[in-house]
Amino acid sequence: MESRPFTISVATTIFPFYNVSASPSNCDQFNGKIDIDFGTGIRPDQIRVVDQGDAAVGNTSSIANLRPGSYKIFFKNDGECETFYRQIEITQVPMLEVNANALSVIGDDCNRGNGRISGISISGGLPPYTYVWVENASGQSYCTLDLLNLHAGIYRLTVRDVNGCTIATDAISLQNTGEFIAAPLVQPINVCPGMRVQVNVKNQQPGSGVYSLYKGTSTVPEHTNKTGDFTITAEPASSYYLSYRLGECESVHVPVKLNFEGISMRIPSTFSPNGDGVNDVWLIHDLAKYKYISITIFNRNGQKVFSENGSGKPFDGTWKGSVLTIGTYYYVINMKGTCGNLTGSVTILK
């Protein structure tokens, strides 16, 4: 006679809810982590955590150095059967990567500190990122992704994410590049030996550059300024040169041409200060070629009626506010050099 069947059930333990967290693996390492927080609840007597190949990886509430993948957590109390509690995933944070496909390096022009590095982009890791550029020779550091106002040098970027993962670029060379510097333009000057003359650059350039005046074969300038205006003494045995320097770049040295061929001036013999706007003043058109000269005009009695010492003011037919009478007057132009004086007459007309 057969007995009736019996069902034997396996007793399982129901464990309460625990806070289980997984920290991803990052920095291209096996450093994932599982943390089980039992809080104020009753802890199981035994913990077993296995990977997706059922290999045991730990038996504590905090297990580190885990590979990315799936893990199973089992709990067991003494004298009871083991219970599967839950499954959890360890993810992989993407590696930090530097993309330099759009890298742009603009050289330092004439060592003026105007170089640039830009176009690098960062991906992977866990933002926000911190950036540290270091120039190799000086050790100077910068903390932005794009760099401006750089001097020539070797630069390297290190990027760090919030997990402390880092990646560095290869060395980036920023060269000192020179541009073409236009040479000063100076017109020939008619002079007398020993005369003090003004040299004026005609093509003045805006910016931070400086003009230099050299004498003879000297490599050290006699004078420098930003205007290109210089005063020299005309000496047949001496030569002068001008250049324009921008940072460390300098133009060619151009000679200052002095013509020791006597005086060349167009001096009017008459003028009519009648207010009609035509020929109202006595104006010497070539006077600007000669600096440091003086002009004196006398009437037929030898009385001075006009005096001018390089200001460029023309003679308008008046003296101390009074209109001079029609007639002939006599001028003396003192060249203040070895050329002597120019003399002649000018007639005031109606």
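Is Cys81 buried, partly exposed or exposed? Cys81 is partly exposed, with a relative accessible area of 41%. The structure that holds this residue is a predicted model, and the report below goes from the overall form of the chain to its cysteines and then to its nonpolar cores.

**Overall form**

The chain has 35 strands and zero helices. Its radius of gyration is 46 Å, whereas the globule rule gives 20 Å for 350 residues; the chain is therefore more spread out than a compact globule. Taken along the principal axes, the box filled by the C-alpha atoms is roughly 170 × 45 × 30 Å. Of the 350 residues, 34% count as buried. The accessible surface comes to about 20400 Å², and carbon and sulfur atoms account for 50% of that area. Among contacts between residues at least 6 apart in sequence, 56% join residues at least 24 apart.

**Disulfides**

A disulfide is a covalent bond between the sulfur atoms of two cysteines. With a cut-off of 2.5 Å between the sulfur atoms, the count in this model is two disulfides.

| Disulfide | Sulfur to sulfur | Torsion about S-S |
|---|---|---|
| Cys27 and Cys165 | 1.6 Å | about -90° |
| Cys110 and Cys249 | 2.0 Å | -105° |

The torsion of about -90° is why the disulfide of Cys27 and Cys165 is left-handed. This pair links distant parts of the chain, 138 residues apart. Cys27 sits in the loop between strand E1 (19–23) and strand E2 (32–37), while Cys165 sits in the loop between strand E16 (153–160) and strand E17 (166–168). The two ends also differ in exposure: Cys27 is partly exposed, at a relative accessible area of 28%, but Cys165 is buried, at 6%. Buried means under 20% here, so the 6% of Cys165 falls in that class.

The link of Cys110 and Cys249 is left-handed as well, with -105° about the S-S bond. Cys110 lies in the loop between strand E10 (108–109) and strand E11 (115–118), and Cys249 is in strand E26 (residues 249–250), so this disulfide ties together parts that are 139 residues apart in sequence. Both Cys110 and Cys249 are buried.

Where does Cys143 stand with respect to the disulfides? Cys143 is in no disulfide, and the nearest cysteine sulfur, that of Cys165, is 19 Å away. Cys143 is exposed, because its relative accessible area of 59% is over the 50% limit.

**Nonpolar cores**

In soluble globular proteins, nonpolar side chains tend to be buried together. In this model the largest nonpolar core has 41 residues. Leu242, Trp282, Ile297 and Phe315 have the most contacts inside this core. Several strands each supply at least two of its residues, among them strand E21 (196–200), strand E22 (210–215), strand E30 (294–298) and strand E35 (341–348). Strand E25 gives the largest share, four residues.

Which residues does Phe315 touch, leaving aside its neighbours within four places in sequence? Phe315 is in contact with Phe271, Val281, Trp282, Ile297, Val305, Phe306, Leu324 and Ile348. Two of these partners, Trp282 and Ile297, are also named with Phe315 among the residues with the most contacts inside the core.

A second core is separate from the largest one and has 17 residues. Its members include Tyr131, Trp133, Leu150 and Leu174.

Methods:
Residues are numbered from 1 along each chain as its sequence is written. This is a predicted model: local features need pLDDT of at least 70, side-chain atom pairs count only at pLDDT 80 or more; totals for chains, interfaces and linings use all residues. Side-chain values use heavy atoms; hydrogens and water are left out. Buried means under 20% relative accessible area, exposed over 50%, partly exposed in between (1.4 Å probe, protein chains only). A nonpolar core is a set of buried Ala, Val, Leu, Ile, Met, Phe, Trp, Tyr and Cys residues joined through side-chain atoms within 4.5 Å. Contact means heavy atoms within 4.5 Å. The radius of gyration is taken over C-alpha atoms; the globule rule is 2.2 Å times the number of residues to the power 0.38. Accessible areas come from the Shrake-Rupley method with a 1.4 Å probe; for residues, only the protein chains shown count as cover.
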